[in-house]
Amino acid sequence: MDIKRKLIIDTDPGIDDAIAIAIALFSEKLDVKLITTVAGNVSVDLVTENALRLLTFFDKKVPVAKGAGEPLIQKFLDAKDIHGATGMDGYEFGEPDRSNLLEEHAVNAMRRVILESETPVTIAAIGPLTNIALLLKMYPEVKSNIDEIVFMGGSITRGNKTVMGEFNIATDPEAAKIVFDSGINLLMAGLDMGLKALVHPEDSEKIKILGKTGDMMYSLFQKYRGGSFKTGLKMYDSCAVAYLLCPEMYELTDTFIDVETSSSLTLGCTIVDLKGYLGKPANAKVCTDINQDMFKKWFISSIEKCI
Ligand code: BDR
Ligand code: CA
């Protein structure tokens, strides 16, 4: 019996995305059916190339579909300052095998994969939520065959793109609003988790010696500006995959979440109503804490499998 969880990864690689994708690709608990790309850390053309490069590096056959090139309404602003001009600076991947690239748009590919699946599909969303919002608006019939949308994004406290806005949500707040209002099972692994999901120099040294995968990841770490190599690199996107593979590392609560879409100061700020001020029923599970030791052990042992 197939007990692997069917997964679509919607992503903007992105150095931390690259690590999260690698872990998912090599997990015996996940069956990655499709990778869709979205403008985020860099342009959609570059992140699509990066997804293809990763698959070529790992010699994996997984279809990739290119998605939205800009947010629904907001002006697109990338995160080259964090991931470098290519989005995955630090390692020479070489030319990708383009046979993994579908001609279909990401939204159509997601629709097809979800409707064709005999069992509900999970989406790991580790970039802005533009593609997912388009999917839900254009093809609402997919909702009943989506098990859960596990997303890295938002924050219980403050932001990293703006004072209150976390990058993935603040890049496309209107898309996030559509997803939060969708009625689908949601799991939020937000910025607060990413800030604690750290890779310290001693961890990087352990990773470095893990063959060509270790060499590649260690090289990316040299250029990654999500945190610092010395005081801890923040593995934001691995937090979403960690929930799928080792949820015991989290403290979770059911709560109501929303996103600010109309304020110039707090645009893209997630409202995580842990104390129930708004009196609304929960629409998401939210990770409120992470066991850092468990994360670290899980992270390194997961990378050991990426060969
Ligand atoms: C998120 O923003 C991106 O830069 C990372 O890849 C991650 O998805 C963290 O705020
Ligand atoms: Ca990302």
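User: Is I126 buried or exposed in this predicted model?

Analyst: In this predicted model, I126 has a relative accessible area of 2%. Since buried means under 20% relative accessible area, I126 counts as buried.

User: Which protein residues are the donors of the calcium ion (ligand 2)?

Analyst: The donor atoms lie 2.3 to 2.6 Å from the calcium ion (ligand 2), and I126 contributes its O atom whereas the aspartates contribute OD atoms, with D17 listed twice. Along the chain these donors follow the spacing D-x4-D-x108-I-x110-D. The residues are therefore D12, D17, I126 and D237.

User: How many residues apart in sequence are the parts that the pair D12 and I126 ties together?

Analyst: D12, which counts as buried at 1% relative accessibility, is one of the donors of the calcium ion (ligand 2), as is I126. D12 lies in the loop between β1 (5-11) and α1 (15-26), while I126 lies in the loop between β4 (121-125) and α5 (130-138), so the parts tied together are 114 residues apart.

User: Which element gives the largest share of the largest nonpolar core?

Analyst: This core has 63 residues, of which I35, F58, M217, M235, Y250, W298 and F299 touch the most other members. The largest share, ten residues, comes from α1.

User: Where is I271 found, and what nonpolar surface patch does it help to make?

Analyst: I271 is found in strand β12 (residues 270-272) and counts as partly exposed at 33% relative accessibility. Together with Y277 and L278, I271 makes a nonpolar surface patch of about 340 Å².

Terms used: Residues are numbered from 1 along each chain as its sequence is written. Chains are lettered from A and ligands numbered from 1 in the order in which they are written. This is a predicted model: local features need pLDDT of at least 70, side-chain atom pairs count only at pLDDT 80 or more; totals for chains, interfaces and linings use all residues. Side-chain values use heavy atoms; hydrogens and water are left out. Donors are N, O and S atoms within 2.8 Å of the metal (3.2 Å for Na, K and Ca); water is not among the atoms, so sites may look incomplete. Helices (H or I, at least four residues) and strands (E, at least two) are DSSP runs, numbered from the N terminus. Buried means under 20% relative accessible area, exposed over 50%, partly exposed in between (1.4 Å probe, protein chains only). Patches are made of residues with over 30% relative accessible area and no salt bridge: like charges are joined within 9 Å, nonpolar side chains (Val, Leu, Ile, Met, Phe, Trp, Tyr) within 5 Å. Accessible areas come from the Shrake-Rupley method with a 1.4 Å probe; for residues, only the protein chains shown count as cover. A salt bridge is a side-chain nitrogen of Lys or Arg within 4 Å of a carboxyl oxygen of Asp or Glu. A nonpolar core is a set of buried Ala, Val, Leu, Ile, Met, Phe, Trp, Tyr and Cys residues joined through side-chain atoms within 4.5 Å.
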